[in-house]
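This report goes through selected residues one by one and then turns to the chain as a whole. The sequence and structure come first.

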Amino acid sequence: MGQVAWKGMFMSLFDYKTEKYVIAKNKKVGVLFRIVQLSILAYLVGWVFVVKKGYQDTDTSIQSSVITKLKGVAYTNTTELGEKLWDVVDYVIPPQGENVFFVVTNLIVTPNQRQGTCFESYGIPDAVCSKNTDCTEGEPVIAGNGVKTGRCLKSGPVNTTGICEIFAWCPVEKKKRPKIPLLGKAENFTVYIKNSIRFPKFNFSKTNILDTDDDSFLKNCRFSEENHYCPIFHLGKIVSWAGSDFQDMAVEGGVIGIRIEWDCDLDKDASECHPHYSFTRLDNKFTEKSVSSGYNFRFAKYYRDASGIDYRTMIKAYGIRFDILVNGKAGKFNIIPTIINIGSGLALMGAVRTIENLRKNDKDFGC
Amino acid sequence: MGQVAWKGMFMSLFDYKTEKYVIAKNKKVGVLFRIVQLSILAYLVGWVFVVKKGYQDTDTSIQSSVITKLKGVAYTNTTELGEKLWDVVDYVIPPQGENVFFVVTNLIVTPNQRQGTCFESYGIPDAVCSKNTDCTEGEPVIAGNGVKTGRCLKSGPVNTTGICEIFAWCPVEKKKRPKIPLLGKAENFTVYIKNSIRFPKFNFSKTNILDTDDDSFLKNCRFSEENHYCPIFHLGKIVSWAGSDFQDMAVEGGVIGIRIEWDCDLDKDASECHPHYSFTRLDNKFTEKSVSSGYNFRFAKYYRDASGIDYRTMIKAYGIRFDILVNGKAGKFNIIPTIINIGSGLALMGAVRTIENLRKNDKDFGC
Amino acid sequence: MGQVAWKGMFMSLFDYKTEKYVIAKNKKVGVLFRIVQLSILAYLVGWVFVVKKGYQDTDTSIQSSVITKLKGVAYTNTTELGEKLWDVVDYVIPPQGENVFFVVTNLIVTPNQRQGTCFESYGIPDAVCSKNTDCTEGEPVIAGNGVKTGRCLKSGPVNTTGICEIFAWCPVEKKKRPKIPLLGKAENFTVYIKNSIRFPKFNFSKTNILDTDDDSFLKNCRFSEENHYCPIFHLGKIVSWAGSDFQDMAVEGGVIGIRIEWDCDLDKDASECHPHYSFTRLDNKFTEKSVSSGYNFRFAKYYRDASGIDYRTMIKAYGIRFDILVNGKAGKFNIIPTIINIGSGLALMGAVRTIENLRKNDKDFGC
């Protein structure tokens with residue numbers, strides 16, 4: 001008997017149970033129901049499959065390498081520096097040619113600084129004094145350039161306000177930024193940006209450079225809307241594409257973002273996978289009135305004289321920093337996401353029935 | 001007749017079929033069923049919509065630019081270096097003020113190194129020798145500073161162990177790190193961190209600086225729990241917020257991570273979108289006993305003497321590297337994710353019915 | 001009466017409605033239906049739970065710090081530079097030991113450049129001239145090294161083509177890259193890569209270094225397939241693991257990516273969470289015939305002579321850039337994703353019923 005029961009239970013596993021429906025002749029409800037079903041179908045086909053490419057397996061872990069190289073020289077002739085030619089080695093910091101590079105456009109040079117004592121610069125509240133005891137020996141000047149020596153230096157004999165003497169790299173920087181950028185000609189410099197990418201999941205590699213044997217191509221071309229495979233950019237144009245003016249920006253400096261997007265549909269041909277460039281100004285340009293605009297930093301070149309004493313030339317460099325960001329994803333047909341997305345779409349369709357059922361909770365009746 | 005059949009088929013498309021239910025008066029099952037439905041509803045409303053903001057379209061591709069600037073000077077007086085003032089240009093590496101910067105806190109200076117022959121330093125196993133043939137000419141010392149010249153130098157005449165002579169930058173570094181950090185005063189330095197962000201999808205920009213016309217604000221304020229819009233940080237406090245002690249860390253060096261999180265609900269006012277800072281020690285501090293703690297690197301300043309010979313001052317710098325990481329996402333109401341999330345929530349509700357049905361497979365009966 | 005109605009409505013909330021089924025004895029449909037249900041169950045258990053670990057809460061916001069340190073020396077003896085020993089300070093750029101570092105393998109040195117006038121280098125089309133007016137004064141040479149002075153220099157008296165004289169850092173670089181890499185011995189240098197990671201959500205930290213008290217471990221070990229916890233890599237092996245040859249690559253330079261993957265299942269023991277290394281060549285090696293292969297950059301060391309005039313040694317450095325990329329995610333059991341995944345799985349099962357129902361639209365009949 002037990003055997004029979006087990007067999008019955010096993011066979012009933014393959015019984016197919018179906019629900020019984022009342023075919024309601026109410027056309028209004030029927031039309032509404034079909035509209036909802038159609039919109040889900042439209043969502044499934046239009047959004048999930050066509051727009052979001054739900055039938056594809058995607059790889060977002062792009063491997064990218066960026067190599068940059070600037071070209072261009074500028075000649076300046078100032079009373080301070082004399083005749084000077086600036087080449088790539090002089091104006092690009094750091095020199096490595098990575099995905100972030102900085103081009104000097106304006107500078108304040110303070111030559112021949114040596115360790116010693118001198119006046120602190122004007123306009124620093126903490127260095128204002130009236131007597132020697134205002135300048136406590138050994139105390140650093142807040143937001144200043146050195147430590148106080150304990151002496152209050154006055155320009156006139158009966159002058160009541162003076163400036164603390166400091167031990168520092170002397171003389172200190174005189175704060176006067178040229179109104180016209182010294183290296184405004186940097187606008188015409190060019191930068192070559194080589195970007196190689198790879199999608200490891202699909203073992204697919206590409207670069208942003210036209211695959212050509214023509215040596216002269218890379219020597220003469222310039223990037224433009226029509227010429228997306230020439231990776232040589234005019235600095236002035238990059239800045240204008242980002243919505244700023246190079247000469248304006250050159251005075252105080254700033255940060256420009258260059259974004260390279262690779263959105264590759266590998267179901268199509270490899271030649272259909274293109275880089276898309278976009279340019280934005282990353283430092284907030286709306287704060288130009290505020291105290292925190294621009295971009296600059298100080299660095300120094302250190303020398304040693306014949307007697308073994310170190311001295312340095314300090315440079316406050318204003319300029320434009322370019323940040324290159326590479327993003328990307330690739331997709332290729334795969335059966336698993338296809339099934340999952342069809343499944344969830346159908347689950348959504350099943351949901352509609354549930355809504356309708358919930359709504360008609362009260363109207364149901366027994367057999 | 002065919003036409004009639006087609007019409008019938010077409011009309012039946014809009015028939016609305018509904019399932020027939022047995023209203024079970026079993027209260028226990030009913031209560032259970034309602035509880036499950038309520039918990040799904042709670043999940044849908046509470047988790048998907050309130051916590052996860054499922055009604056919003058999100059943008060996670062934040063565009064960020066970080067500009068950092070240090071301030072502060074320190075005075076040291078050692079027998080080796082004499083009186084020396086350290087300013088920003090001296091102790092910040094690299095000088096560019098990007099999102100990663102390093103502050104020197106301790107150093108070993110090896111001045112006036114010239115290419116020549118000298119003793120290899122003590123304690124390198126590969127340089128220990130007893131006779132000249134132990135020092136094969138031209139072979140580099142493993143984990144050492146130069147190539148062997150083929151001579152074994154001994155301090156005493158009958159000494160059995162000596163050290164290989166090497167061709168290197170001589171004299172080699174003597175390994176003795178100051179126990180008290182030379183630039184411990186770096187604790188009081190400040191760093192100004194300017195972070196401008198942009199969410200391209202919503203064209204929304206913001207900075208971490210109070211939008212003020214008051215010039216003195218940025219000169220006097222300090223970041224604290226109460227003052228989140230003053231981006232001037234005291235280095236010592238950053239380290240203590242990360243759970244370490246500056247003076248401890250200054251001896252051997254380390255890495256501190258500064259994370260800025262922007263989680264913006266753009267359905268609210270722009271002024272409600274705040275940066276959140278968190279500070280962590282990134283190098284594993286638990287390995288302090290182990291051989292691999294701290295952070296240091298060597299660099300050199302190159303000079304040339306009157307006769308055209310290069311020499312250099314090599315510096316082994318210990319210090320703290322600060323890595324600034326910006327993350328963020330923004331959300332704004334959008335009809336598409338709202339519909340999708342409501343849909344999947346309802347699908348989940350439909351699932352409950354299925355569970356119940358599966359459970360009662362055996363109890364079902366025909367009409 | 002109203003009260004009675006309300007009570008009835010409230011009680012009916014807990015009525016349990018169940019659908020009525022026809023137990024179809026059609027075994028074919030039944031088998032098909034069970035197969036579909038089983039495959040969904042297999043998907044749910046196999047894919048969602050076992051492969052994708054759907055029962056875990058995941059943290060992908062890994063906090064990582066990378067510290068790198070190179071070791072090794074190389075001796076060169078060339079007519080140009082004489083006997084020279086290269087140590088870490090000389091060949092690693094930048095010196096900081098961050099996650100990107102560059103090792104010089106080949107170089108072109110142009111010593112003693114001074115600002116002045118000289119010949120532009122050969123092979124620059126814009127500098128070719130036949131008379132002085134071809135060299136407009138003050139105009140920069142396109143893709144050249146300086147600005148034209150207005151003079152056309154000719155080597156022979158009746159020669160028709162000459163080269164413009166330029167104001168530049170003179171003499172200009174002579175373009176001849178050594179065929180055999182000067183620092184080919186860099187193949188035997190080693191790099192120590194310390195990677196500390198942290199998953200903030202689970203407060204879990206780990207490093208890629210064996211937790212040992214044995215001081216000699218890090219001095220003697222080398223990374224290999226069998227020894228994953230020794231983070232000291234032989235440069236030549238890194239390049240060969242990336243599928244390239246070090247000596248080939250050293251001539252023109254290139255970029256190697258080192259990827260460290262942490263995929264941690266924190267339901268298991270912490271010691272089960274291992275770093276996985278992979279090595280790839282990031283610059284496209286297939287473009288070797290094209291004009292854009294390799295990696296190099298120029299930098300200079302600036303000196304000042306006794307009379308205060310600056311001069312420099314310009315170096316065009318070819319070499320290998322190593323980019324270290326850290327990725328990771330950690331998962332730990334959490335009740336919320338478990339419920340959500342079971343729920344959606346069941347919703348998917350509910351969907352199957354719906355499909356079947358849709359199919360049998362026409363066959364349904366009333367009670």
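In this predicted model, A:Phe297 is part of strand E17, which covers residues 296-304 of chain A. Its relative accessibility is 3%, so A:Phe297 counts as buried, the cut-off for that class being under 20%. Beyond four places in sequence, the contacts of A:Phe297 within chain A are A:Ile93, A:Phe102, A:Ile315, A:Lys316 and A:Ala317. A:Phe297 also touches chain B, at B:Pro95 and B:Gln96. One of these partners, A:Ile315, is 18 residues from A:Phe297 in sequence, with 8.3 Å between the two C-alpha atoms.

A:Phe297 is also one of the positions to which UniProt, in an unreviewed entry, gives the feature "binding site". The others in that record are A:Lys69, A:Leu70, A:Lys71, A:Thr190, A:Asn296, A:Arg298 and A:Lys316. These positions span 248 residues of sequence and are spread in space as well, with C-alpha atoms up to 24.5 Å apart.

Two further annotated positions, A:Leu70 and A:Thr190, can be described in more detail. A:Leu70 belongs to strand E4, residues 63-71 of chain A, and A:Thr190 to strand E12. With neighbours within four places in sequence set aside, A:Leu70 is in contact with A:Val88, A:Tyr91, A:Val92, A:Phe101, A:Val103, A:Thr190, A:Val191 and A:Leu235. The list for A:Thr190, under the matching exclusion of residues up to four places away, holds A:Lys69, A:Leu70, A:Lys71, A:Arg222, A:Ile232, A:Phe233 and A:His234. A:Thr190 thus touches A:Lys69, A:Leu70 and A:Lys71, three positions that carry the "binding site" feature in the UniProt record.

Strand E12, residues 190-199, also holds A:Asn195. What does the side chain of A:Asn195 reach at 3.2 Å? The partner is the backbone oxygen of A:Ser65. A polar contact between side chains, at 3.0 Å, links A:Asn195 to A:Trp262. Both A:Ser65 and A:Trp262 appear among the contacts of A:Asn195 beyond four places in sequence, together with A:Ser64, A:Val66, A:Lys206, A:Thr207, A:Asn208, A:Ile260 and A:Val326.

The table sets out accessibility for the residues treated here, including A:Val50, which is taken up below it.

| Residue | Relative accessibility | Class |
|---|---|---|
| A:Asn195 | 0% | buried |
| A:Phe297 | 3% | buried |
| A:Leu70 | 6% | buried |
| A:Thr190 | 11% | buried |
| A:Val50 | 57% | exposed |

A:Val50 sits in helix H2, residues 27-51 of chain A. A:Val50 counts as exposed because its relative accessibility is 57%, and the class requires over 50%. Together with A:Leu38, A:Leu41, A:Val45 and A:Val51, A:Val50 makes up a nonpolar surface patch of about 460 Å².

For chain A overall, the secondary structure consists of 7 helices and 18 strands. Chain A has 367 residues, of which 52% count as buried. When contacts in chain A between residues at least 6 apart in sequence are taken, 68% of them join residues at least 24 apart. The exposed area of chain A is about 17,400 Å², with 58% supplied by carbon and sulfur atoms.

Conventions:
Residues are numbered from 1 along each chain as its sequence is written. Chains are lettered from A and ligands numbered from 1 in the order in which they are written. This is a predicted model: local features need pLDDT of at least 70, side-chain atom pairs count only at pLDDT 80 or more; totals for chains, interfaces and linings use all residues. Side-chain values use heavy atoms; hydrogens and water are left out. Helices (H or I, at least four residues) and strands (E, at least two) are DSSP runs, numbered from the N terminus. Buried means under 20% relative accessible area, exposed over 50%, partly exposed in between (1.4 Å probe, protein chains only). A polar contact is a pair of N or O atoms within 3.5 Å; within protein, one must be able to donate a hydrogen and the other to accept it, and residues adjacent in sequence count only if both atoms are side-chain atoms. Contact means heavy atoms within 4.5 Å. UniProt positions are given in the numbering used here, feature names are shortened, and annotations may be inferred rather than shown by experiment. Accessible areas come from the Shrake-Rupley method with a 1.4 Å probe; for residues, only the protein chains shown count as cover. Patches are made of residues with over 30% relative accessible area and no salt bridge: like charges are joined within 9 Å, nonpolar side chains (Val, Leu, Ile, Met, Phe, Trp, Tyr) within 5 Å. A salt bridge is a side-chain nitrogen of Lys or Arg within 4 Å of a carboxyl oxygen of Asp or Glu.
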